[in-house]
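Reader: Could you take me closely through one part of this model, the sheet and its strand pairing, and then turn to the pocket?

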Amino acid sequence: MSPVPALTGSAASLREEFDRSFSLAPASPAAGSVNLLTIRIGTEPYAIRLADIRGLHADRSILELPSPLPELLGVTNFRGQIVPVYQLAALLGKAAGAAPRWMVLAKASAPLALAFEAFDSHICADAGQLIASADAAGQGRPREGVRTGAGVVPVLDIGALAAQIEARTAHAPQGQQP
């Protein structure tokens with residue numbers, strides 16, 4: 001077996017820089033920037049603030065349950081806790097497309113997950129990319145958007161959606177609570 005040839009100066013410096021990158025703390029996002037996940041509901045793009053969720057999960061099994069709320073898909077298990085799963089398309093008044101593959105665990109007073117069809121990407125948007133919506137629809141519907149290379153993507157208000165769900169489940173008839 002022949003000996004490995006010596007690394008050239010540029011290859012050695014690239015290797016050293018690569019190795020050093022693992023010993024450095026990750027760079028903090030710029031002040032005023034917002035981390036977002038871009039998702040799709042049907043063919044429509046949306047964004048979710050990373051600060052509004054506890055996690056992103058794919059291909060979780062959902063146990064279907066009967067419910068007076070058509071948006072409730074059923075329940076799933078997160079670290080030993082039973083969590084209701086709601087279809088994001090239905091909550092937004094959209095026609096359901098393919099079966100939801102992805103879900104986010106929302107930061108809310110009561111545990112809940114929101115399911116959707118596709119996860120696209122993570123983006124770090126600066127303050128200049130965020131824009132207020134002309135009509136603040138409320139109830140979880142987008143009140144702001146983020147400019148991306150593909151155009152303006154509506155940002156969902158996960159807190160308002162969680163509050164809407166909690167209000168609806170509080171008013172469900174006894175014995176019918178999801």
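Author: Two strands are counted as paired if DSSP finds at least two bridges between them. In this predicted model, strand S1, residues 34–41, and strand S2, residues 44–49, meet that condition, pairing in the antiparallel sense over 6 bridges. Within this pair, Thr-38 stands opposite Ala-47 in S2. In general, the strands of a sheet pair through backbone hydrogen bonds, and they do so either parallel or antiparallel.

S1 and S2 belong to an open sheet of 6 strands, whose order is S8-S1-S2-S11-S10-S9 and whose pairing is mixed. At the edges stand strand S8 (118–125) and strand S9 (130–132), and because each has a single partner strand, one side of each is left without a neighbour in the sheet. From one strand to the next, the twist averages 35 degrees.

As for the pocket, the largest one has a volume of about 210 Å³. It is lined by 13 residues, of which Arg-54, Phe-78, Arg-79, Gln-81 and Leu-105 are the closest to its centre. By type, the lining divides into 7 nonpolar, 3 polar and 3 charged residues. Strand S3 (53–58), strand S5 (81–87) and strand S6 (102–106) each supply at least two residues of this lining, and S3 gives the most, with 3 residues.

Terms used. Residues are numbered from 1 along each chain as its sequence is written. This is a predicted model: local features need pLDDT of at least 70, side-chain atom pairs count only at pLDDT 80 or more; totals for chains, interfaces and linings use all residues. Side-chain values use heavy atoms; hydrogens and water are left out. On a 1 Å grid over the protein atoms alone, a cavity is a set of points where a 1.4 Å probe fits but cannot get out, and a pocket is an open set with protein on both sides within 12 Å along at least five of seven lines; lining residues have an atom within 4 Å of a point. Grid points are joined across faces, edges and corners, and a volume is the space filled by probe spheres set on the points. Helices (H or I, at least four residues) and strands (E, at least two) are DSSP runs, numbered from the N terminus. Ala, Val, Leu, Ile, Met, Phe, Trp, Tyr, Cys and Pro count as nonpolar, Asp, Glu, Lys and Arg as charged, and the others, Gly among them, as polar. Axes are lines fitted to C-alpha atoms, for helices over the stretch in contact, and angles run from 0 to 180 degrees between N-to-C directions.
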